[in-house]
Amino acid sequence: MIPSINPFAPDFKDKAYELYEILRTDDPVHYTTQVPFSNPTWIITRYDDAISLLKDKRLLKKTPVTFIEEQFSEDSLQSDWANLFNHMLNTDPPDHSRLRSLVQKAFTPRMVENLRPRIQDIANQLLDQVVKNNQMDLIQDYAFPLPIIVISEILGIPIEDRSQFRHWSNAIIYAFNRPDRRKQIIPEIVNFNHYLKELVAKRQQHLQDDLISALIQSSINSDKLSESEIYPMIFLLIIAGHETTVNLIGNGLFSLLQHPDQCEKLRNYPYYIDTAIEEFLRYMSPVEFATNRWAAEEIHLHGKTIAKNDLVLISLASANRDPTQFPHPNHLDITRQKNEHIAFGKGIHFCLGAPLARLEGQIAIQTLLQRIPQFELSVDRDQLEWQATFLMRGFKSIPIRF
């Protein structure tokens, strides 16, 4: 008998890939009661099922009213939370299509490629601050600050406010994963909302050459974002604009630490960086689960019945290790060619910032390998702590010496 899997357990990520292997074989549509939600919850682990369900119109992103009432009992908290989370990632067509069309032009491949020189400067500046010390924390000194600087500059967030943004985003992400502690972060939610309102108001008075100003002016056929749509859009771009990339850079470098032969190959043959990034995304996916989806009607899959309003958690990490799709899935191969991973999702909710994340990952990892010829963990592997979030897969800290 397969026990009910708990993706919220402190030790889950250490054994996740072993558990996924069992589930893919014996229970690919896994019912779990080990989650802090009352909604019946299903974990999907196979690649083909993940692809199918990520594109299935019977799964909705709009949160059931009962779920909202359960998670946010106070009317004021419901309002403040909604002000941050009513973004396009939590909407369905036609609202999603409209919101995405109004922001996607800021993340076209050409617009992203124009950021290359600035991203390279940031990577070099961050390494300049640590190379003389012969030690650094790959996350705190490099993987985190690089994308938060980039997205802050794109949006137009003042330099002096970025550390506060980090505090707010960490608190809110933690609360998302710990519903029992959401009341504790009410001040952070309220303060973040207040800050966003002031920031948008300033931009409305004095438009600048940044994405917030572009969102205010953005229109298609006279359709514009309302203020209540701009706030959660900014929040989404901040969170999605750095969380995934932090883990891509951190997990990629950690994977190289664990596979010296692959690290040496990438250092000697830097033209492998494109396939290497795709392999890092597959091998140690920065996002553990796709964001929540609810069944709009009964769904029958592998002899199981997912009922209306049941919560469906699709494991991108498991799908990306499915041996039916990836030969030798537990082997890191930076030259892997057929690599149709789903680290950025699939379907209409495919990550809008994927081109930016890929570019930041390429520059960050390649620059570090060029400037720091040899490096190693400065602590035992079992001392590394995972981030306290079930949706993401990444470490809090990766200290190295060189």
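Rings of Phe, Tyr and Trp (its six-membered ring) pair if their centres lie within 6.5 Å. Keep that cut-off at hand for the exercises below, and remember that this is a predicted model.

**Exercise 1. Aromatic rings**

Find out how many aromatic pairs the structure holds, and which residues the ring pairs link into a cluster.

Solution. Start with the count: a search of the whole structure gives 16 aromatic pairs. Next, look for rings joined by such pairs. Phe 8, Phe 12, Tyr 17, Tyr 20, Phe 289 and Phe 390 are linked into a cluster. Finally, stay with one member, Tyr 17: Arg 321 lies over its face, at 3.8 Å from the ring centre. Elsewhere, Arg 393 lies over the face of Trp 386, with 4.8 Å to the ring centre.

**Exercise 2. Classify a ring pair**

Decide which geometry the rings of Phe 192 and Phe 235 have, and say where the two residues sit.

Solution. First take the distance: the ring centres are 5.8 Å apart, and the planes stand at 70 degrees. Planes over 60 degrees apart count as edge-to-face. The pair of Phe 192 and Phe 235 is therefore edge-to-face. Now place the residues. Phe 192 belongs to helix α11 (residues 186-205) and Phe 235 to helix α13 (residues 227-258). The pair links distant parts of the chain, with the two positions 43 residues apart. Both Phe 192 and Phe 235 are buried.

For contrast, turn to Asn 191, which is also found in helix α11. Asn 191 counts as partly exposed, at 42% relative accessibility. Its C-alpha atom and that of Pro 286, 95 residues away along the chain, are separated by 28 Å.

**Exercise 3. Two helices that meet**

Describe how α13 and helix α17 (residues 354-371) cross, and which residues meet there.

Solution. Begin with the axes: those of α13 and α17 come within 9 Å and cross at roughly 35 degrees. The handedness of this crossing is right-handed. Then list the residues. From α13 come Gly 241, Thr 245, Leu 248, Ile 249, Gly 252, Leu 253 and Leu 256. They meet Ala 357, Glu 360, Gly 361, Ala 364, Ile 365, Leu 368 and Leu 369 of α17. Sorted by class, the contact has 9 nonpolar, 4 polar and 1 charged residues.

**Exercise 4. Follow one strand residue**

Is Ala 295 buried or exposed, and which residues is Ala 295 in contact with, leaving aside neighbours within four places in sequence?

Solution. Locate Ala 295 in strand β7 (residues 293-295). Its relative accessible area is 2%, so Ala 295 is buried. Beyond its sequence neighbours, Ala 295 is in contact with Arg 58, Leu 59, Ile 306, Ala 307, Lys 308, Asn 309 and Asp 310. The C-alpha atom of Lys 61, 234 residues away along the chain, is separated from that of Ala 295 by 9.1 Å.

**Exercise 5. Backbone in the loops**

Work out what is notable about the backbone at Asn 309, His 302 and Pro 94.

Solution. Asn 309, one of the contacts of Ala 295, has a positive phi near 75 degrees and is not a glycine. Asn 309 lies in the loop between β9 and β10 (311-314), and its relative accessibility of 33% makes it partly exposed. His 302 is likewise not a glycine, yet has a positive phi of about 50 degrees. Its place is the loop between β8 (299-301) and β9 (304-306). With a relative accessible area of 42%, His 302 is partly exposed. Last comes Pro 94, in the loop between α4 (75-85) and α5 (95-103). A cis peptide bond joins Pro 93 to Pro 94, with omega about 5 degrees.

Terms used
Residues numbered from 1 in each chain as written. Predicted model: local features only at pLDDT ≥ 70, side-chain atom pairs only at ≥ 80, totals over all residues. Heavy atoms only, no water. Phe/Tyr/Trp six-rings, centres within 6.5 Å; stacked < 30°, edge-to-face > 60°. Helix = DSSP H or I, 4+ residues; strand = E, 2+ residues; numbered from the N terminus. Buried < 20%, exposed > 50% of the residue type's maximum accessible area, 1.4 Å probe, protein only. Lys NZ or Arg CZ within 6 Å of the ring centre and 35° of its normal. Axes fitted to C-alpha atoms, helices over the stretch in contact; angles between N-to-C directions. Left-handed = near helix turned anticlockwise from the far one by under 90°. Contact = heavy atoms within 4.5 Å. Nonpolar A, V, L, I, M, F, W, Y, C, P; charged D, E, K, R; others polar.
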